[in-house]
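Here is a short briefing for a computational chemist. Read it beside the sequence and the structure. Topics follow in groups.

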Amino acid sequence: MNTISDKDLVEILPPEAVTLRFERSSFGTRFAAQLVDVLITYLSLFALLLAIIFIFRILNEGVFTFVILLSFFIRSPYYIFTELVWNGQTIGKKLSKICVVSADGKTLTPYQVVVRNLMKEAEVFFPISMLFGVISSSGTVKLICFFWLCVTLIYPLRSKYNQRLGDVIAGTFVVEKPKIVFLEDVAERRTKRAQFFDFDPEQLDSYGRFELQTLEDIIRAPEKTKEARERKLRAAKAIHKKIGYPHTIPLGKEILFLEDFYVQQRQYLESKNLFGDLRENKHYKE
Amino acid sequence: MGDMLLENDDIALRSMRFRKEREAQWKSLHELIDQAERKGIHSFSYEQANELSKNYRMALNSLSIARSTIMDKALLQYLERLCSRAYLVVHAPPKSLAGIIWKQLVFGLPQAARDNWKYLLFGFFSMLLGVWIGFGLFAQDESWFFTFVGSSLSDGRAPGASQEYLRSTIYDGGDYGHQEAGGFSSFLFSHNARIAIFIFGMGVFAVVPSYLLTFYNGVVLGCFYALFHTNGLGFDIFAWLSIHGVIEISAICVACAGGSILGFAILAPGPKTRKAALQSRGKDATKLAIMAILMLILAAFIEGYLRQWVQDPYWRLGVGWSIGALWLMWIVFSGRNRGTGNEHNI
């Protein structure tokens, strides 16, 4: 289980008044999603142009005009409609498993969707089309556009939650769609067998919640490789030393030692916690 | 080392009991989420919808207990993600797309225009002022034309061009081989769309550039008009411009109004912070921007197709100004009957 640092989380408060934490999506993921969407919109436009040519057997300026006008119908509206219909997900976002959420914790409004996608037009597409000469423009204009493009591309890298300018104005975050994983409780392993090791309260005073959860990860890790097993042995040794356990651990019983310690430590911390003695980590005494 | 046996049905850990008691409901919520995402929330029966709402609140309740008391990290993370996913399903926008579009066309857009009539009026004012000054400058000295109108836009329409040439740019049938009508109009469209986007965007940088650019566009227009006017084609160019220009030039003024709303939100945010002011005023600004885009698209179709079909100047005048009048009626009269409409979002 990978751990997520707090700065990667965006918190929103829904009307139900329990804060929810989403993982913000990385710049790379968003870029990939964007790439897919750009491909989809432009390929469909191209396909349409081909269809017109082959079905009606005409190719003149009128057709080109029609397609250029249509590109305005396809580009922004594509993002706006898909994000509205699929609750903040375009096809590209669906594939890269990210979605748009409203920062105020309420339902994503059509206004927010429209603003963030219209701003995308001004942030990215417009300067690019100016820069690469789709629309003719002078050197000074190109320079300004290049500068503007740099600003809009660097901004999300520097901003607090990887927000683009459009996200800031619309009040939206782009987050990873949470993947629900239901894992067994490692304490269950212990309850299926007899208890071998017994720890007294003084020994259980050494650690807090953080260490307990680290231990949970260590126990949960499958013992496929030699290193994984080594890690468990090292952990058992470290705990044995830290809590000053009087007896030596019998050979081959290290895993049982870890599991027994985990269950009793958890039970101990949970009952402490119940009466307000919150031990976040081993430094709780300070 | 004792050999105490812990019975399965007598679990000593609070967190394990907590999990056992609620697990069924969490799993049921997970299944409902999956169904909602696969088949849509519309596939739900009344009982299922009830179940979803009930289980969602239950899961949130579990989450808030778990955060403060549960030490099991896997369980905590499961609950965090379950609730977040459920949130996305429960708080999905329920409105229909057609409904949104219809409501905006009837209420949102015209109401935004009415609420901001001062900005709109000022946009039109700076455009007309520009036209007046452009016309005046050209009358003084024709070389002003080259200062304001770029060569790419004029397509040979410049001081010194013959009257026949100028006439041929307005009506079909000259043998001067102008750019194909459609291509030129799409170029003009992208040109005007660009101007509108610029004018809107410039508003953020403290209003003035927005009005200045609108004014400058007026000057170009004034020069253009004056060129034809001095060649005795004043009425014809007016008709030629009218058929699409009424709506197109209005669109630029609307974009100017939208941009300056943003600018004023930054310049004079009132009691709010600048960011908050920008966010709240941004709604009207966006509505005006959308209105401008719709108008530009309409203008482009008129310019690309209708103008080639309609050659008679009187018809051109008639069509152009009727569309203008319809537009004005739309923003003045549409959606007056039901509140301000601003309490709803776009």
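Buried means under 20% relative accessible area, exposed means over 50%, and partly exposed covers what lies in between. By that cut-off B:Glu23, with a relative accessible area of 21%, is partly exposed. The model is predicted. Chain A has eleven helices and four strands, whereas chain B has 13 helices and zero strands.

**Chain A overall**

- Chain A has 286 residues, and 49% of them count as buried.
- The exposed area of chain A is about 14600 Å². Carbon and sulfur atoms supply 65% of that area.
- Take the contacts in chain A between residues at least 6 apart in sequence: 68% of them join residues at least 24 apart.

**Chain B overall**

- Chain B has 346 residues, and buried residues make up 51% of them.
- The elements of chain B, read from the N terminus, run α-α-α-α-α-α-α-α-α-α-α-α-α.
- The accessible surface of chain B is about 16300 Å². Carbon and sulfur atoms account for 64% of it.
- For contacts in chain B with a separation of 6 or more, 76% come from residues 24 or more positions apart.

**Salt bridges**

- The count over all chains is 23 salt bridges.
- One of them joins the side chains of A:Glu83 and A:Lys93, at 2.9 Å from N to O. A:Glu83 sits in helix α2 of chain A and A:Lys93 in helix α3 (residues 91–95), so the pair ties together parts that are ten residues apart in sequence.
- Both ends of that bridge are buried: A:Glu83 has a relative accessible area of 0%, and A:Lys93 has 6%.
- B:Glu23 and B:Lys27 also meet through their side chains in a salt bridge, at 3.3 Å from N to O. These two residues lie in helix α1 (residues 14–39) of chain B. They are four residues apart, about one turn of the helix.
- B:Lys27 is partly exposed, at 34% relative accessibility.
- Back in chain A, salt bridges that share partners form one network. Its members are A:Arg30, A:Glu83, A:Lys93, A:Arg116 and A:Asp167.
- B:Glu21 forms a salt bridge with B:Arg22, with the closest N and O atoms 3.3 Å apart. B:Glu21 is exposed, with a relative accessible area of 56%, whereas B:Arg22 is buried, with 17%.

**A:Arg164**

- A:Arg164 lies in the chain A loop between α5 (139–158) and α6 (165–170).
- Is A:Arg164 buried or exposed? At 8% relative accessibility, A:Arg164 counts as buried.
- A polar atom of the A:Arg164 side chain is 2.8 Å from the backbone oxygen of A:Arg116.
- Neighbours within four places in sequence aside, A:Arg164 is in contact with A:Arg30, A:Arg116, A:Met119, A:Lys120, A:Glu123, A:Tyr155 and A:Pro156.

**A:Thr109**

- A:Thr109 is placed in the loop between β3 (98–102) and α4 (110–131) of chain A.
- At 13% relative accessibility, A:Thr109 counts as buried.
- A:Gly88 is 21 residues from A:Thr109 along the chain, and their C-alpha atoms are separated by 9.7 Å.

**Nonpolar surface patch**

- Which residues form a nonpolar patch on the surface? They are A:Phe46, A:Leu50, A:Phe54, A:Ile55, A:Phe56 and A:Ile58. Together they have about 650 Å² of accessible area.
- A:Ile58 is found in the chain A loop between α1 (27–56) and α2 (61–85). A:Ile58 counts as partly exposed, at 39% relative accessibility.

**Cysteines**

- How many disulfides does a search of the whole structure find? It finds zero over all chains.
- A disulfide needs two cysteine sulfur atoms within 2.5 Å. The cysteine sulfur closest to that of B:Cys253 is in B:Cys256, at 6.8 Å, too far for a bond.
- B:Cys253 counts as buried, at 0% relative accessibility. A:Cys150 is partly exposed, with a relative accessible area of 30%.

How values were computed:
Residues numbered from 1 in each chain as written. Chains lettered and ligands numbered in written order. Predicted model: local features only at pLDDT ≥ 70, side-chain atom pairs only at ≥ 80, totals over all residues. Heavy atoms only, no water. Patch = residues over 30% accessible without salt bridge, like charges linked within 9 Å, V, L, I, M, F, W, Y side chains within 5 Å. Areas by Shrake-Rupley, 256 points an atom, 1.4 Å probe, with all protein chains shown as cover. Salt bridge = Lys/Arg side-chain N within 4 Å of Asp/Glu carboxyl O. Buried < 20%, exposed > 50% of the residue type's maximum accessible area, 1.4 Å probe, protein only. Contact = heavy atoms within 4.5 Å. Polar contact = N/O pair within 3.5 Å; in protein donor to acceptor, adjacent residues only side chain to side chain.
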